[in-house]
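This report walks through the sheets, the enclosed space, the cysteines and some notable backbone positions of one model. Please keep the sequence and the structure in view while reading.

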Amino acid sequence: MKQLKIIASVIAIGAICYQFTTGGFTSHAVLAGFQGPVKSSSATGGASATPIVPMKMKADTAKPAPKTGNAQIKFNEEVHEFGKIEQNSLAQTMFIISNIGSDTLEVFSAQPSCGCTAAFPGKKRIPPGDTSHLAITFDPHNKAEGDVTKTITVTSNSKNDPQKILRIHGTIYKSKLAHKESMHLDGVFQGNCASCHVEKGKGELGAKLYEADCAICHGSKADNKPGPDIADDKMMDHKSSQWKEIITEGIVNTNMPAFALKHKGPLNDDEIASLVDYLGAYKKNMAREKQLRGTSSAVGTSTGTVNNK
């Protein structure tokens, strides 16, 4: 009798499964924890196990859009003028950082453009309406007399100006403690100055070495570079032997130091030779471009004359 009841139960369950399947649904929905009806697959002739999620449930599980930060950085000044700076004294100033936004301002870094300039930020998380500071120290030891401009790049989560460039400017004049004839130029290869005048050029040759060790001083006057630009006549009028001597020995009573190892400089003979080769190649390229411009101009003039006849 018990066996008959068990058989009857099995038949009943089978009938239920058949009804669900022929109606386009399967009892897998029941076994899946009542997640709702399941789509049937017409391609396979059976039912897939993908539950049909009601539209209301999809809307409820959608993630809210992330909020846009509204931290905004502001400085009391963006260019600080030191005025006259003596060679043997440190020049110091302090920028005030304000958060004029409605979210917390985070100052990630303050990166000076040169090793002679140091930046010391105060608190790096600034609540709305609050302030912090950025202390700046400029070391003019062994720097050339004349105008000098350095930059500090401040990176933050500010909505506007996430990378802000601050500038310090001054006019360096000769220290009373400096050498009577010229300052000790080998000092640019020591201390903080070495990070720009030595470290960047290590392992480099030719053009890359020039960019690392030479371009920091040789460039446009608009950028406050103390030395002539590579394309200037003062640079290009020299011969290879003269370039080698200048780089090796320096120039007396000027701001050009001696780069050779024997004079406490950072460059060996091969590195100096690579600079001379680069300058020679640059000079040849300039002459070639000048010749091409002259030829192009002559052709244009000739064509215009023919057309005018």
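Helices, as the word is used here, are DSSP runs of H or I with at least four residues, numbered from the N terminus. With that numbering, G250 follows just after helix 7 and takes a positive phi of about 75°. The model is a predicted one, and local features are described where pLDDT is at least 70.

**Helix 7 and the loop that follows**

Helix 7 spans residues 240-249, and its buried residues are W243, I247 and T248. These residues lie on the same side of helix 7, because the arc they cover around the axis is only 120°. On the face turned away from this buried side, helix 7 carries the exposed residues S241 and E245. Beyond helix 7, in the loop that leads to helix 8 (269-308), lies K264. K264 has a positive phi of about 70° although it is not a glycine, and with a relative accessible area of 58% it is exposed.

**The open mixed sheet**

How are the strands of the open sheet ordered? The sheet has 5 strands in the order 4-11-10-6-8, with mixed pairing. Its edges are formed by strand 4 (79-86) and strand 8 (125-126), each of which pairs on one side only. Strand 4 runs parallel to strand 11 (residues 163-173), and the two are paired over 7 bridges; within this pairing, K84 has T171 of strand 11 as its bridge partner. Strand 11 also pairs with strand 10, this time in the antiparallel sense and through 10 bridges, with I152 standing opposite L166 in strand 11. Strand 10 is in turn joined to strand 6 (residues 105-112) by 5 bridges, and these two strands run antiparallel; here A110 has V154 of strand 10 as its bridge partner. In general, the strands of a sheet pair through backbone hydrogen bonds, either parallel or antiparallel.

Strand 10 and strand 11 form a hairpin with 6 residues between them, and D161 lies in its turn. D161 has a positive phi of about 55° although it is not a glycine, whereas most residues other than glycine have a negative phi. The relative accessible area of D161 is 40%, so this residue is partly exposed.

**Pairings of strand 5**

Strand 5 (residues 91-99) takes part in antiparallel pairing with strand 3 (residues 73-75) over 3 bridges, where F75 has I97 of strand 5 as its bridge partner. Strand 5 also pairs in the antiparallel sense with strand 9 (residues 131-138), over 8 bridges, and there the bridge partner of I96 is H133.

The pairings described above are collected here.

| Strands | Sense | Bridges |
|---|---|---|
| Strand 4 and strand 11 | parallel | 7 bridges |
| Strand 10 and strand 11 | antiparallel | 10 bridges |
| Strand 6 and strand 10 | antiparallel | 5 bridges |
| Strand 3 and strand 5 | antiparallel | 3 bridges |
| Strand 5 and strand 9 | antiparallel | 8 bridges |

**The cavity**

The count comes to 1 cavity of 30 Å³ or more, and the largest cavity has a volume of about 30 Å³. Which residues line the largest cavity? They are F82, I85, F138, V148, T149, K150, I168, H169 and G170. Two or more lining residues come from each of strand 4, strand 10 (146-156) and strand 11. The lining divides into 5 nonpolar, 3 polar and 1 charged residues.

**Cysteines and a loop contact**

A disulfide requires two cysteine sulfur atoms within 2.5 Å, and by this rule the model has 0 disulfides. For C114, which is in no disulfide, the nearest cysteine sulfur is that of C116, 3.3 Å away. C114 counts as buried, because its relative accessibility is 7%. C217 is likewise in no disulfide, and the nearest cysteine sulfur to it, that of C114, is 8.7 Å away. At 26% relative accessibility, C217 counts as partly exposed.

P228 is in the loop between helix 5 (206-214) and helix 6 (233-236). The C-alpha atom of P228 is separated by 5.1 Å from that of H218, and these residues are 10 residues apart along the chain. P228 counts as partly exposed, with 22% relative accessibility.

Note on methods. Residues numbered from 1 in each chain as written. Predicted model: local features only at pLDDT ≥ 70, side-chain atom pairs only at ≥ 80, totals over all residues. Heavy atoms only, no water. Buried < 20%, exposed > 50% of the residue type's maximum accessible area, 1.4 Å probe, protein only. Pairing = 2+ DSSP bridges. 1 Å grid on protein atoms, 1.4 Å probe; cavity = no way out; pocket = protein on both sides within 12 Å on 5 of 7 lines; lining within 4 Å. Points joined across faces, edges and corners; volume = space filled by probe spheres on them. Nonpolar A, V, L, I, M, F, W, Y, C, P; charged D, E, K, R; others polar. Arc of directions from axis to C-beta.
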